[in-house]
Amino acid sequence: MKEKRNRNNSVPKDHPRYKSLKYRHKIIEGMKNLVVAEAGLIAHGRGECFDYIFGEKTNETAKKAIKAAVAQLMISNKPIISVNGNVAALVPKELVKLSKTLNIPLEINLFYRKEGRIEAIKNLLEKSGAKEILGLDQNKMVEIEELSSNRRLVDPKGIKIADTVFVPLEDGDRTEALKKIGKKVIAVDLNPISRTAIWADITIIDNIIRALPEMIKIAKDLKNLKKEQLITILNNFNNKKNIIDTLDLIKEYIEAQKENAFKILKS
Ligand code: ATP
Ligand code: MG
């Protein structure tokens, strides 16, 4: 069997699953550097599974949600981007770029608060160009009472006073809590029927590694629109319908695989 690893143990570019392996390695590296929690590896695997069953691409439904999400972030008075370990490990530069393009602060908010993790994520974001990061000083954090996990601790200048919270890769409990205290929630989640996906106001069913670059592109496209035009985009978006359409796409994709998956044997 052909050796697929080169000498420095990185994945060769001609590997048929190069991209997927590259991001797996980023998650593993993140875990070694404290950025990612051990449970983050399992969450990543769950995401990969869903990605596989809609063809590992940004579908039309995801594009619609991305446009609505960017419009929502642009019309909000105090939007915030919540950052966890997996997202920081996978797309640190893109997080910073989106934050700068839309002028929205980043807040580190973690489920698993191991000693040194916040520092590790802060360093990674700063290396990627971040200037101002919220959620750093644990003594200054305030609580969201509706939540019992560590993620109840939020920055009084960030999530606490935000009207819209962008939560790429979120846990269902917190999405529900954020909704209950009146926040608009935008989520990126590969699982269209997770509690996060169902509770969020705008659910981008896509891999974060593709969704963030697309959001940056759309943010530039929408930059010159008037507020009323952004509101029209939002009014034309129906999150429940979009999730249902995505589930239909998954059904269609799996149906097509009954034939397509076996073509690989002929090539
Ligand atoms: P919920 O708590 O919302 O019911 P869950 O408990 O199944 O969902 P969590 O472990 O809380 O899931 O959060 C991980 C979520 O992140 C999963 O739904 C998974 O599909 C998703 N996910 C993992 N990696 C990615 C990724 N790269 N891009 C987008 N979503 C991802
Ligand atoms: Mg969960």
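The following exchange goes through selected residues and the ligand site of this predicted model.

In this predicted model, local features need pLDDT of at least 70 and side-chain atom pairs count only at pLDDT 80 or more, while totals for chains, interfaces and linings use all residues. Residues are numbered from 1 along each chain as its sequence is written, chains are lettered from A and ligands numbered from 1 in the order in which they are written, and side-chain values use heavy atoms, with hydrogens and water left out.

Trainee: Is Ser82 buried or exposed?

Mentor: Ser82 belongs to strand β1, residues 79-83, where strands are DSSP runs of E with at least two residues, numbered from the N terminus. Buried means under 20% relative accessible area, exposed over 50%, and partly exposed in between, using a 1.4 Å probe and protein chains only. Because its relative accessible area is 2%, Ser82 is buried.

Trainee: With which side chain does the side chain of Ser82 make a polar contact?

Mentor: Leaving aside neighbours within four places in sequence, Ser82 is in contact (heavy atoms within 4.5 Å) with residues including Glu107, Asn109 and Arg174. A polar contact is a pair of N or O atoms within 3.5 Å; within protein, one must be able to donate a hydrogen and the other to accept it, and residues adjacent in sequence count only if both atoms are side-chain atoms. At 3.0 Å, the partner of the Ser82 side chain is that of Arg174.

Trainee: Which residues outside its sequence neighbourhood, within four places, is Tyr253 in contact with?

Mentor: Tyr253 sits in helix α11, residues 239-260, helices being DSSP runs of H or I with at least four residues. Tyr253 counts as partly exposed because its relative accessibility is 26%. Its contacts beyond four places in sequence are Tyr52, Ile53, Phe54 and Gly55.

Trainee: How far apart are the C-alpha atoms of Tyr253 and Lys160?

Mentor: Along the chain, Tyr253 and Lys160 are 93 residues apart. The separation of their C-alpha atoms is 40 Å.

Trainee: How much of the accessible area of ligand 1 does the protein cover?

Mentor: Ligand 1 is surrounded by 18 residues, each with a heavy atom within 4 Å. Polar side-chain atoms of Asp171 and Arg195 each lie 2.9 Å from an oxygen atom of ligand 1, and one of Asn207 lies 2.8 Å from a nitrogen atom of ligand 1. Of the 630 Å² of accessible area that ligand 1 has on its own (Shrake-Rupley method, 1.4 Å probe), the protein covers 86%.
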